[in-house]
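Me: I would like a close look at one part of this model, the sheets of the second chain and what is packed or looped around them. Please take it step by step and keep it plain.

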Amino acid sequence: MSEDLEFAFALVLSGASIGLMYSLIALGFVLVYKATDAINFAQGEFVMLAGLIVVTALGFEAPLIAAVVVVVLAMIGFSFGLEKVVLRPLLGRPVVAVIMATIGVAAVLRGWGPLIFGIETRNLPLPIGDEPIAIGPASLPPIQVVGAAVALLFFVVFNWFFKKSRMGVAMRAVADNQQVAQAMGINVERYFALAWAMAGIVSALGGVVWGSMLGVDVQLALVGLKVFPVVILGGLDSIGGALVGGLIIGIVESLAAGYLDPYVGGGTKDFAPYVLMILVLMVRPYGIFGRRQIERV
Amino acid sequence: MLSINNVEVVYDRVILVLKGVSIDVGEGSITTLLGANGAGKTTTLKAISGVLRSERGEVTKGTVQLGERRIDGMRAHDVTRLGLVQVFEGRRVFENLTTEENLIAGGHVQKDGRGVKQGIDMVYTYFPRLKERRHQQSGYLSGGEQQMLAIGRALMSRPKVVLLDEPSLGLAPMLVEEIFAIVDRLVRQEKLSVLLVEQNATMALAVADHGYVMENGRIVLEGPADKLRDNSDIKEFYLGLNEGGARKSYRDTKHYKRRKRWLS
């Protein structure tokens with residue numbers, strides 16, 4: 001393989017693995033939107049909170065597996081409570097009310113997180129070493145491989161859940177039409193809580209892999225910003241869309257950084273996804289896989 | 001089987017929509033509720049099934065009884081669990097789900113997967129057309145197929161009482177007859193009790209055993225369906241026939257000449 005091609009391959013590979021990790025976070029967003037129609041602007045803060053909880057647990061000399069269990073349980077409890085206390089009273093209100101509420105939650109988390117857990121950046125070491133793993137002519141840091149694997153695992157599990165399990169089908173029914181779902185004997189509120197709990201689990205794992213890659217402090221919440229280009233590209237309510245959207249955003253970002261940065265002096269990585277997002281909004285506002293309203297004429 | 005006694009419904013704590021409605025639905029029979037737009041038919045159904053609460057409506061007086069159980073004030077999903085299910089006006093299938101997934105969602109109250117499977121088989125024997133469309137996204141089914149799916153989906157909870165809200169809405173006359181024939185079979189074979197709300201009074205009175213007429217949130221007339229068919233007011237205002245039984249021309253309609261007798 002020529003050197004140019006090898007360079008491109010390395011960029012795509014690294015972009016894809018980072019992209020899958022974006023997908024992981026976007027998945028939490030999609031789960032909530034799909035079931036409850038709530039747009040969660042605090043997704044990044046969820047991830048930050050999860051990271052903070054993990055490093056704190058590790059700080060108490062807990063073994064990693066215990067820390068992961070703790071963070072998963074804590075995030076389930078947190079999102080459960082958030083749904084009950086903040087969002088349940090807003091049921092039936094305009095979408096904007098929910099959006100403002102989640103923005104408020106985000107601000108609170110960014111403020112209180114460091115206050116409780118401390119402000120310094122802490123490492124979140126995973127027992128996977130630093131030795132890059134070679135894939136073809138390129139190689140990846142092990143954390144990216146782990147992150148991508150975790151993301152893929154979640155996608156397989158959720159895909160099965162929504163397509164094959166009765167609970168998953170019921171959840172999609174709730175997303176489709178709450179009133180009718182209710183009349184079919186589905187306890188809508190319980191499914192809302194379940195959706196948030198699932199978002200909590202995803203955020204917990206997102207916090208572990210992203211925290212391990214970037215270090216844990218308030219800045220970790222910024223990965224949440226990448227959620228929007230990903231879900232708008234893939235479709236707000238599509239699980240598969242989150243996967244594909246994440247991959248595309250990751251790869252675009254990586255290619256922009258590799259090919260454009262040398263000419264403009266860096267930073268393209270941060271805005272390339274948004275340029276793509278705006279283009280998508282102009283061409284396919286419901287995303288690649290988002291559901292289109294079926295119109296009868 | 002189902003009895004509603006003197007029910008009052010208030011929306012938003014202000015607007016009185018039902019002003020003391022009493023209806024009885026006998027076991028294994030079809031009872032129809034007729035009335036013009038805005039009479040309160042759909043509200044009556046929603047008050048029974050409990051979905052009223054999600055629309056900020058409330059039963060403020062009276063009782064709703066399913067068998068021996070009092071169900072007013074219960075939440076919709078609990079009512080369904082007890083064996084009463086509502087089929088909404090305008091079909092309202094889960095558009096993003098396939099036909100079969102709609103049925104699976106409808107069978108949510110079944111305890112295990114076997115119950116769901118049996119339910120699906122039963123629905124397919126009554127509505128063979130749904131079987132052909134089983135893996136199609138239900139939003140793209142035809143109007144008639146969607147109505148069949150809406151009824152089939154409701155049957156998945158193995159109900160004793162079905163509230164059927166305007167199944168004929170927007171369907172071709174042939175399809176309407178087909179659907180009503182199936183409903184009639186369901187009532188006889190599955191011992192269902194049906195409360196049928198209809199605008200199509202001719203069709204409704206043809207299949208029903210008993211009928212009620214509603215106006216302005218009140219029941220103004222009730223009786224066995226064949227008696228109602230012969231009632232001259234019903235003929236005039238709901239069936240569009242003149243005294244002699246011939247189809248009436250709209251040109252001859254002089255509403256000021258004849259007043260509905262039940263309005264005093």
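Reply: What follows goes through the six-stranded sheet of chain B, then its surroundings, the other sheet and the contact with chain A.

The model is predicted. In chain B, six strands make an open sheet with mixed pairing, in the order β6-β7-β8-β3-β9-β10. Its edge strands are β6 and β10 (218-224), each of which pairs on one side only. Direction ignored, neighbouring strands in this sheet are turned by 15° against each other on average.

Begin at the β6 edge. Strand β6 of chain B covers residues 84-87, and its side chains point two ways: B:Leu84 and B:Gln86 to one side, B:Val85 and B:Val87 to the other. In a regular strand, side chains alternate between the two faces of the sheet. All four of these residues of β6(B) are buried. The partner of β6(B) is β7(B), residues 161-165; the two strands run parallel and are joined by four bridges. Within this pair, B:Val85 is placed opposite B:Val162 of β7(B).

Further along the order, β3(B) (residues 30-35) is joined to β9(B) (residues 210-215) by five bridges, and these strands also run parallel. Here B:Gly35 stands opposite B:Met214 in β9(B).

A helix lies over this sheet. Helix α1 of chain B, residues 41-49, lies across β3, β6, β7, β8 (193-198) and β9 of the chain, and runs at about 150° to β7(B).

Two loops attached to the strands of this sheet deserve a look. B:Ser29 sits in the loop between β2 (15-25) and β3 of chain B. Is B:Ser29 buried, exposed or partly exposed? B:Ser29 has 18 other C-beta atoms within 10 Å, so it counts as partly exposed; the buried class starts at 20. Leaving out residues up to four places away in sequence, B:Ser29 touches B:Val187, B:Ser193, B:Asp209 and B:His210. Of these, B:Ser193 belongs to β8 (193-198), and B:His210 belongs to β9(B) (residues 210-215). From B:Ser29 to B:Ile48, 19 residues apart along the chain, the C-alpha separation is 17 Å.

The other loop lies between β9 and β10 of chain B and holds B:Asn216. B:Asn216 has a positive phi of about 50°, although it is not a glycine. Most residues other than glycine have a negative phi. With 14 other C-beta atoms within 10 Å, B:Asn216 is partly exposed.

Now the other sheet. Four strands of chain B form an open antiparallel sheet in the order β2-β1-β4-β5. The edges are held by β2 and β5 (69-70) of chain B; each has a single partner strand, so one side of each is left without a neighbour in the sheet. Inside the order, β1(B) and β4(B) (residues 57-66) run antiparallel and are joined by eight bridges. B:Glu8 is found opposite B:Lys61 of β4(B).

The loop between β1 (2-11) and β2 of chain B contains B:Asp12. B:Asp12 is not a glycine either, yet its phi is positive, at about 55°. Because B:Asp12 has 9 C-beta neighbours inside 10 Å, it counts as exposed.

Next, a pair of helices in chain B. The axes of α3 (residues 99-106) and α4 (residues 113-126) of chain B come within 10 Å and cross at roughly 125°. The two helices are therefore oblique to each other, and their crossing is right-handed. On the α3(B) side, the contact is made by B:Glu100, B:Leu103 and B:Ile104; on the α4(B) side, by B:Val116, B:Gly119, B:Ile120 and B:Val123. By class, that contact has five nonpolar, one polar and one charged residues.

Last, the contact with the other chain. There, 18 residues of chain A are in contact with 26 residues of chain B. On the chain A side, α6 (166-176) and α7 (178-183) each supply at least two residues. The largest share of that side comes from α6(A), with six residues. By class, the side of chain A that touches chain B has nine nonpolar, five polar and four charged residues.

Note on methods
Residues numbered from 1 in each chain as written. Chains lettered and ligands numbered in written order. Predicted model: local features only at pLDDT ≥ 70, side-chain atom pairs only at ≥ 80, totals over all residues. Contact = placed C-beta atoms within 7 Å. Nonpolar A, V, L, I, M, F, W, Y, C, P; charged D, E, K, R; others polar. Buried ≥ 20, exposed ≤ 12 C-beta atoms within 10 Å, placed from the backbone. Pairing = 2+ DSSP bridges. Axes fitted to C-alpha atoms, helices over the stretch in contact; angles between N-to-C directions. Parallel < 35°, antiparallel > 145°, perpendicular 65-115°, else oblique. Left-handed = near helix turned anticlockwise from the far one by under 90°.
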